[in-house]
Each structure stands twice: as C-alpha cells, then as structure tokens.
Amino acid sequence: MSRYTVTVKTDEETDENAVIGYDPPLRTFFLQAFPDEETDEHALWFGTHLEQHPSLESIIESVRRFGYEIEGLSQNAIIAMTKEAGTPTPPSLGERLGLVR
C-alpha cells in the first residue's frame, strides 16, 4: 500500500499532513485528512470501499466535489501510485467468501 503526504485545503481549513495512496486489496485510491486529535478518526476519508476510486482522477474529482483541493502531489508519487494501481490484484479472501463487495 502506498502512502504519500499531501496538503488538503478548503477556504476555511488546511491539513498539511493528509495522506493519499493506493490500497491494492481494495483496488482503490484513498485519501485521509483532518484527523481528530482525540480519536485519530479522519473527518475526510475517501476510498474505503472495494474499487471505489479505481483511478487517481476519480478520487481527485470526488474530493473537489466536496469542496477540497489536493496540493503537493509530486510527479513521482503520481507515477508510483499509477503503476501500483496497474498491477493486477487477485480477489481477497473476503471477496471470495462474499464478505467484501
């Protein structure tokens, strides 16, 4: 699973330690931002379901629909995540048992 630090912004708030990456078992890109200091739960978390965001473009579009912008995503990170997403991943045990959909 890849993880890269980026900045996520709105007009009102900024998280300079947000994380974007690719989750091979779920075959989705994900983004986590704005963790709660007490619980460490993230106020913004995209890519939690199987194949929810199969491309980097799809997660960026979703984030923008909610009024957020991603900054600081390097070309090297884009290439690495895209390469990881292009590597076939067999269905997980949970998928094979019908537990993950």
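## Salt bridges

A search of the whole of this predicted model turns up four salt bridges. Side chains of opposite charge can pair when their charged atoms come close. R27 is a good place to start: R27 pairs with E51, with the closest N and O atoms 2.9 Å apart. R27 sits in the loop between β2 and β3 while E51 sits in the loop between β4 and α1, so this bridge ties together parts that are 24 residues apart in sequence. R27 also forms a salt bridge with E95, and here the closest N and O atoms are 2.7 Å apart. That second bridge links distant parts of the chain, since E95 belongs to helix α3 (residues 93-96), 68 residues from R27. Taken together, R27, E51 and E95 are linked in a network of salt bridges.

How do these residues stand with respect to the surface? R27 has a relative accessible area of 16%, so it counts as buried, the cut-off being under 20%. E95 is buried as well. E51, at a relative accessible area of 43%, is partly exposed.

Another of the bridges joins R64 and E69, whose closest N and O atoms are 3.1 Å apart. Here R64 is partly exposed, with a relative accessible area of 49%, and E69 is partly exposed too, with a relative accessible area of 36%.

## A buried charge without a partner

D23 makes an interesting contrast to the bridges above. This residue is found in strand β2 (residues 14-23). D23 is buried yet has no salt bridge. The nearest side chain of opposite charge is that of R3, 8.3 Å away; a salt bridge needs the nitrogen and the carboxyl oxygen within 4 Å. Leaving aside residues up to four places away in sequence, D23 touches M1, T28 and F30.

## The nonpolar core

Let us turn to the nonpolar residues. The largest nonpolar core has 18 residues, and those with the most contacts inside it are V8, I20, L31, L44 and I59. Two or more residues each come from β1, β2, β3, β4, α1 and α2. Strand β3 gives the most to this core, with four residues.

I20 shows what such a position looks like close up. Not counting residues up to four places away in sequence, I20 touches S2, R3, Y4, V6, F30, L31, L56, I59, I70, L73 and M81. Among these contacts are L31 and I59, which are also listed with I20 among the residues with the most contacts inside the core.

## Helix α2 and its two faces

Which residues of helix α2 (residues 75-85) are buried? They are A77, M81 and E84. These three cover an arc of only 60° around the axis, which puts them on the same side of α2. An α-helix has 3.6 residues a turn, so residues three or four places apart point the same way. The buried residues of α2 pack against β1 (4-9), β2, β3 (28-35) and α1. One contact of this kind has already appeared, as M81 is among the residues touched by I20.

The face of α2 turned away from the buried side tells the other half of the story: it carries the exposed residues Q75, N76 and K83.

## Aromatic pairs

The structure holds three aromatic pairs. One of them is formed by Y22 and F29, in an edge-to-face arrangement with 4.9 Å centre to centre and 65° between the planes. Both of these residues, Y22 and F29, are buried.

F46 and F66 form another edge-to-face pair, at 5.5 Å centre to centre and with 70° between the planes. F46 lies in strand β4 (residues 42-46) and F66 in the loop between α1 and β5 (69-71), so the pair ties together parts that are 20 residues apart in sequence. What is the accessibility of each ring's residue, buried or exposed? F46 is buried, with a relative accessible area of 9%, whereas F66 counts as exposed, at 59% relative accessibility.

## The end of helix α1

A last stop is R65, found in helix α1 (residues 56-65). R65 is exposed, with a relative accessible area of 61%. The C-alpha atoms of R65 and P25 are separated by 26 Å, and the two residues are 40 apart along the chain.

Terms used:
Residues numbered from 1 in each chain as written. Predicted model: local features only at pLDDT ≥ 70, side-chain atom pairs only at ≥ 80, totals over all residues. Heavy atoms only, no water. Buried < 20%, exposed > 50% of the residue type's maximum accessible area, 1.4 Å probe, protein only. Lys, Arg positive; Asp, Glu negative; His and termini not counted. Contact = heavy atoms within 4.5 Å. Arc of directions from axis to C-beta. Phe/Tyr/Trp six-rings, centres within 6.5 Å; stacked < 30°, edge-to-face > 60°. Core = buried A, V, L, I, M, F, W, Y, C linked by side-chain atoms within 4.5 Å.
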